[in-house]
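Colleague: I've got this one open on my screen and would like a close look at a single part of it. Could you take me through the helix at the start of the chain and what packs around it?

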Amino acid sequence: MDERDYRQFLRYLQKAQAEMHFEIHTLCLMTNHFHMLVRTGDVDLSDIMQFVLYKYARYFNRRHGYTGHLFERRFTSFNIEDDLYYREVSRYIHLNPVKAGIVDDPIDYAYSSYWMFVDDNRNSGDAEKAGGNKIDKMIEKLVDPRMVLQQFNNNKNRYKGFVQSRISHKDHEIKIQKDINEDAIEN
């Protein structure tokens, strides 16, 4: 509903990460769903999701006067077996706010890790324009972009070009949408 809700979701994600020791490589929070590229290690993804979603649903329902289920269905997950698909999933996640028509450029979306991949100066004065330092700092604590950026020789301009050249990768986007059943999710 508002920035407070986004911050609370990120807090629960931070608590889960501190307790369960998993890596988040890409993150984007939307108004009614979220996307994460995660390496779970020895932790079961279901445990992570149960921890975060249960706590967040209780918080949200209490704060906004709702009861019952907050999330329509179980989360969707799939294993990523190759580097090309790994890069495509990261791009897909970062372009979700553009696809939803919220922003024209993913750098302008406040609730995404995209800025960490392309903008070394985000935590300077421009952060207020894109959503404020609080959200940026929370995302920065959660997300480790190094594994994705290694796919681009740690060159942020190459990653930015890759994300912005999305048109040539339509087949991969369709596969990702099918894998996560996103056509059933309203943006």
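Colleague: So, helix 1 and helix 2: are they roughly parallel or roughly antiparallel to each other?

Modeller: Before we dig in, this is a predicted model, where local features need pLDDT of at least 70, side-chain atom pairs count only at pLDDT 80 or more, and totals for chains, interfaces and linings use all residues. Residues are numbered from 1 along each chain as its sequence is written, and side-chain values use heavy atoms, with hydrogens and water left out.

For orientation, the protein chain has 9 helices and 2 strands (DSSP runs numbered from the N terminus: H or I of at least four residues for helices, E of at least two for strands). Along the sequence they come as α-β-β-α-α-α-α-α-α-α-α.

Now your question. Helix 1 covers residues 3–20, and it packs against helix 2 at an angle of about 150 degrees, the axes being 9 Å apart. Those axes are lines fitted to C-alpha atoms, for helices over the stretch in contact, and the angles run from 0 to 180 degrees between N-to-C directions. The two helices are therefore roughly antiparallel; the cut-offs are under 35 degrees for roughly parallel, over 145 for roughly antiparallel, 65 to 115 for roughly perpendicular, and oblique for the rest. Their crossing is right-handed (the near helix is turned clockwise from the far one by less than a right angle; anticlockwise would be left-handed).

Who meets whom? From helix 1 the list includes Arg4, Asp5, Phe9 and Tyr12, and from helix 2 it includes Phe51, Tyr56, Tyr59 and Arg63, with contact meaning heavy atoms within 4.5 Å. By class, the residues of this contact are 12 nonpolar, 2 polar and 7 charged. Here Ala, Val, Leu, Ile, Met, Phe, Trp, Tyr, Cys and Pro count as nonpolar, Asp, Glu, Lys and Arg as charged, and the others, Gly among them, as polar.

Asp5 deserves a look. This helix 1 residue has 1% relative accessibility, so it counts as buried (under 20% relative accessible area; exposed is over 50% and partly exposed in between, with a 1.4 Å probe and protein chains only). Leaving out residues up to four places away in sequence, Asp5 touches Tyr56, Tyr59, Phe60, Arg63 and His64. At the other end of helix 1, Met20 is 9.2 Å from Asp44, C-alpha to C-alpha, though they are 24 residues apart in sequence. Asp44 sits in the loop between strand 2 and helix 2 and, at 43% relative accessibility, counts as partly exposed.

Helix 1 has another partner, helix 6 (residues 133–142), packed at about 20 degrees with the axes 10 Å apart. That pair is therefore roughly parallel, and the crossing is left-handed. Tyr6, Leu10 and Gln14 are among the helix 1 residues making the contact, with Ile135, Met138 and Leu142 among those of helix 6. This contact has 7 nonpolar, 2 polar and 5 charged residues.

Leu13 turns up in the contact with helix 2 and in the one with helix 6. Leu13, Leu27 and Tyr159 also have the most contacts inside the largest nonpolar core, which has 54 residues (buried Ala, Val, Leu, Ile, Met, Phe, Trp, Tyr and Cys joined through side-chain atoms within 4.5 Å). Helix 2 gives this core its largest share, 8 residues.
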